[in-house]
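Student: I'm new to this one and keep tripping over the labels. Could you walk me through how each label gets decided?

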Amino acid sequence: MSSLDTPRCHWSYQSWCKTRERRDARPRWRNVASFDPVSFFLAWLAAPRRVGAVAPSSDALAKIITRDIGQTTGAVVELGPGTGAFTDMLLRRGVRQEDLTLIEYGSEFIPALQLRFPGIRVIWMDAASLGSSGVFKPGEIGAVVSGLPLLSMSPRKVMAILEGAFSAIRPGGAFYQFTYGVSCPVSRPILDRLGLKAVRVETAILNLPPATVYRLTRRNPRPMRSIDHAREADNLPVD
């Protein structure tokens, strides 16, 4: 090897080391590849009603469903994270790993989530058991992001999921849900029974298939009208 070759080899090695140091310095959740689309499709074939989609959620959908969430939101729960597309975006929005909890029922997704997001709590659990699990205290959660296929679930199960979530969501908090349907995936009778309202956020046209995001929140208490006061006064006992 000539003297002219030696510096070049040394420079190449140093550059490789520096590049590797920079790469290793990145958060681990940015280094691990996402669950590949083929595996996701196979998971859908095995359980289409539970997985609910033939491909992972797009970056466009992830941006819409998480756009109102950030570092000041506090504790955030993700239901049905699947491959972690929304999880990745939540971290980019500034949500701390210690403030994020993933609840996933598909056992095929659990190892990939734990590998990709080692600092985040991942719980293998049916989202319908959220209220009875005791995992969260009342008012502990600032927001819930849901990737669950509510349209393929029974009304009883949808009610259990929403009741459990809102039992832990603090006042002013919200439940974010996307759907491939043409309207809100939570029916009006369920919204009325739970005292919730749903507002359409935006449609991710570039998602496959296109998906619409809804924000569910508690309804404001109905102000008592004067006639209601009069009726209450009529029912008061007379001294």
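Tutor: Let's take the labels one at a time, bearing in mind that this is a predicted model.

Student: Sure. Why is Ser58 called buried?

Tutor: The cut-off for buried is under 20% relative accessible area. Ser58 has 19%, so it counts as buried. You'll find Ser58 in the loop between helix 4 (48-51) and helix 5 (59-66).

Student: What makes the pairing of the Ser58 and Asn207 side chains a polar contact?

Tutor: A polar contact needs N or O atoms within 3.5 Å, one able to donate a hydrogen and the other to accept it. The side chains of Ser58 and Asn207 are joined at 2.8 Å, so the distance fits.

Student: And Leu150, why is that one called buried?

Tutor: Leu150 has 4% relative accessibility and the limit is under 20%, so it is buried. Leu150 sits in the loop between strand 4 (141-146) and helix 9 (155-166). Leaving out residues up to four places away in sequence, Leu150 touches Val158, Ile161, Gln177, Pro185 and Val186.

Student: Now the sheet. How do you know that strand 3 and strand 6 stand at the edges?

Tutor: Start with the order: seven strands form an open sheet, arranged 3-2-1-4-5-7-6, with mixed pairing. Strand 3 (121-124) and strand 6 (196-204) each have a single partner strand, so one side of each is left without a neighbour in the sheet. From one strand to the next, the twist averages 20°.

Student: What makes strand 4 and strand 5 a pair?

Tutor: Two strands pair if there are at least two bridges between them. Strand 4 and strand 5 (residues 169-179) are joined by five bridges, so they pair, and they run parallel. Within strand 5, Phe175 stands opposite Val144.

Student: Which strands does helix 5 lie across?

Tutor: Helix 5 lies across strand 4, strand 5, strand 6 and strand 7 (211-218), at about 145° to strand 6. The buried residues of helix 5 are Leu61, Ala62, Ile64, Ile65 and Thr66. These buried residues pack against helix 6 as well as strand 4, strand 5, strand 6 and strand 7.

Student: And which strands does helix 9 lie across?

Tutor: Helix 9 lies across strand 1 (75-79), strand 4, strand 5, strand 6 and strand 7, running at about 145° to strand 5.

Student: On to charges. Why do Arg67 and Glu202 count as a salt bridge?

Tutor: The cut-off is a side-chain nitrogen of Lys or Arg within 4 Å of a carboxyl oxygen of Asp or Glu. Arg67 and Glu202 meet at 2.6 Å, N to O, so they qualify. Arg67 lies in the loop between helix 5 and strand 1 while Glu202 is in strand 6, so the pair ties together parts that are 135 residues apart in sequence. The structure holds 11 salt bridges.

Student: Why is Arg67 called partly exposed?

Tutor: Partly exposed is the range between the buried limit of 20% and the exposed limit of 50%. Arg67 comes in at 41%, so that label fits. Glu202 has 31%, so it is partly exposed too.

Student: What makes Arg116 and Asp88 a salt bridge?

Tutor: Their closest N and O atoms are 3.3 Å apart and the limit is 4 Å, so the pair passes. Arg116 lies in helix 7 (residues 110-116) and Asp88 in helix 6 (residues 85-92), so the bridge ties together parts 28 residues apart in sequence. Arg116 is buried at 8% relative accessibility, and Asp88 is buried with 8%. Both residues belong to a network of salt bridges that links Asp59, Lys63, Asp88, Arg92 and Arg116.

Student: How do you know that Asp192 and Arg188 form a salt bridge?

Tutor: Their side chains meet at 3.9 Å, N to O, and the limit is within 4 Å, so they count. Both lie in helix 10 (residues 188-194), four residues apart, about one turn of the helix. Asp192 has 40% relative accessibility, so it is partly exposed. Arg188 has 56%, and exposed means over 50%, so it is exposed.

Student: Last one: which residues does the cis peptide bond join?

Tutor: The cis peptide bond joins Leu208 and Pro209, with omega about -10°. Pro209 is in the loop between strand 6 and strand 7. As a rule, most peptide bonds are trans.

Notes
Residues are numbered from 1 along each chain as its sequence is written. This is a predicted model: local features need pLDDT of at least 70, side-chain atom pairs count only at pLDDT 80 or more; totals for chains, interfaces and linings use all residues. Side-chain values use heavy atoms; hydrogens and water are left out. Helices (H or I, at least four residues) and strands (E, at least two) are DSSP runs, numbered from the N terminus. Buried means under 20% relative accessible area, exposed over 50%, partly exposed in between (1.4 Å probe, protein chains only). Contact means heavy atoms within 4.5 Å. Axes are lines fitted to C-alpha atoms, for helices over the stretch in contact, and angles run from 0 to 180 degrees between N-to-C directions.
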